[in-house]
Amino acid sequence: SSSSSSSSSSSRRPCHCAAFDDAWQAPSRKLPKCIFLDLGAADGNTYQTFLQDKFGPVANCGTTENPGDFEAFLVEANPVFDAPLQQLSDTGNGQVHAMKSTAAYMCDASTTFWLDNDVNHNYWGSSMDGKTHNWPEEASDTSNGVRMPQVGQVRAAAQDGHKVTVPTVNLMKVIYENTIPGDWLIVKMDIEGAEWDIVPCLANSPVATLIDQLYVEEHPIHWQLGNTTREEMDLARQTLTEWGIQMPQYWSPTL
């Protein structure tokens, strides 16, 4: 059976929260490892920082039987990054899984993905909502106590007519089908507003307890496809931290 959130939704959402489904298949492996799940992976540059121990010593992953063992799942909707992500997969010794031209979300469907042409900032404003974004100048909502760094740059995102249709992938399903409780699971989420849909859904999912660290770059509330309120997002964050998930402040200057 499928479990989904009962919260209200917007017609702009491509699908509804699917927090869990009995049809999902858990992995059969026994040895724990580190799992790096990069949502909004771009060309894999954050994965490179993972390899450089910026998320913790990779050498500490695994056990004495599989020291330093990890897997990385790189999810990116913008097809301009297909080739570099495929190269990382091809040279990754089976440890790197490129989920390219795929949008991270809270359910499996398809969506229109709006492309940003800003090559100087690694196409940093590509999104699912198709609006023009000024970022981070727009990020004036500091009610969560965090003011976004003012880098003095404008994210001119997503102009009408420059778009592709891509499948969405359910974050909860990816986690459940690729991790075991003994893993150290790091999730990085930099997905241009879709976090406002995903994080509350995640907080309603038993799968969330598999996460050890969750890095969320929070974008302005009106970038979302749904209608999550500030209060609902704060409650979801509180729920996740109460389950023991570490949620460090996270902001990336280029993605």
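Rings of Phe, Tyr and Trp (for Trp, its six-membered ring) pair if their centres lie within 6.5 Å. Keep that cut-off in mind, because by this rule the count comes to nine aromatic pairs here. One more thing before we set off: this is a predicted model.

**Stop 1: the aromatic rings**

Select Phe20 and Trp24 and show their side chains. Their rings form an edge-to-face pair, 5.4 Å from centre to centre with 70° between the planes. Both Phe20 and Trp24 are buried.

Now move to Phe36 and Phe55. The centres of these two rings are 5.1 Å apart and the planes meet at 55°, so this pair is tilted. Where in the chain do Phe36 and Phe55 lie? Phe36 is in strand β3, while Phe55 is in the loop between α1 (45–51) and β4, so the pair ties together parts that are 19 residues apart in sequence. Phe36 and Phe55 are both buried.

Keep those two selected and add Tyr47, Phe50, Phe70, Tyr215 and Tyr250: with Phe36 and Phe55, they form one aromatic cluster.

**Stop 2: the whole chain**

Zoom out and switch to a cartoon view. The chain has five helices and ten strands. Of its 255 residues, 52% are buried. Colouring by residue number is helpful here: among contacts between residues at least 6 apart in sequence, 77% join residues at least 24 apart.

**Stop 3: the nonpolar cores**

Select Leu37, Leu39, Leu171, Ile175, Met189, Leu214 and Leu240. These are the residues with the most contacts inside the largest nonpolar core, which has 44 residues. Elements that each supply at least two residues of this core include β3 (34–39), β4 (70–76), α3 (171–178) and β9 (184–189). Which element gives the most to this core? That is α4, with five residues.

A second, separate core has 20 residues, including Phe36, Val58, Leu88 and Ala98. You have already met Phe36, as a member of the aromatic cluster.

Back in the largest core, centre the view on Leu240. Leaving aside neighbours within four places in sequence, Leu240 is in contact with Val199, Leu202, Ala203, Ala208, Leu214, Ile245 and Met247.

**Stop 4: helix α4 and its surroundings**

Next, select α4 (195–202). Is this helix largely enclosed or open? Eight of the eight residues of α4 are buried, so the helix is largely enclosed by the rest of the structure. Those buried residues are Glu195, Trp196, Asp197, Ile198, Val199, Pro200, Cys201 and Leu202. To see what covers them, show β6, α3, β9, β10 and α5, which are among the covering elements.

Stay with β10 for a moment. Both of its faces are covered: Gln213 and Tyr215 on one side, and Leu214 and Val216 on the other, are all buried. β10 runs parallel to β9, and four bridges join the two strands. Look for Val187, which stands opposite Leu214 in β10.

**Stop 5: a three-stranded sheet**

Now select β6, β8 and β7. These three strands form an open sheet in the order β6-β8-β7, with mixed pairing. The edge strands are β6 and β7 (109–114), each pairing on one side only. On average, neighbouring strands of this sheet are turned by 45° against each other, direction ignored.

β7 and β8 (residues 163–170) run antiparallel and are joined by six bridges. For one place to look, select Trp114: its bridge partner in β8 is Lys163. Then add α3 to the view, and you will find that α3 lies across β6 and β8, running at about 45° to β8.

**Stop 6: two loop residues**

Finish with two side chains. Select His219, in the loop between β10 (213–216) and α5 (230–242). Is His219 buried or exposed? At 2% relative accessibility, His219 counts as buried. Show Asp190 as well: the side chains of His219 and Asp190 make a polar contact at 3.3 Å.

Then jump to Glu65, which sits in the loop between α1 and β4. Glu65 is exposed, with a relative accessible area of 64%. Try drawing a distance from Glu65 to Leu31: the two are 34 residues apart in sequence and 8.0 Å apart in space, C-alpha to C-alpha.

Definitions and conventions
Residues numbered from 1 in each chain as written. Predicted model: local features only at pLDDT ≥ 70, side-chain atom pairs only at ≥ 80, totals over all residues. Heavy atoms only, no water. Buried < 20%, exposed > 50% of the residue type's maximum accessible area, 1.4 Å probe, protein only. Polar contact = N/O pair within 3.5 Å; in protein donor to acceptor, adjacent residues only side chain to side chain. Core = buried A, V, L, I, M, F, W, Y, C linked by side-chain atoms within 4.5 Å. Contact = heavy atoms within 4.5 Å. Phe/Tyr/Trp six-rings, centres within 6.5 Å; stacked < 30°, edge-to-face > 60°. Pairing = 2+ DSSP bridges. Axes fitted to C-alpha atoms, helices over the stretch in contact; angles between N-to-C directions.
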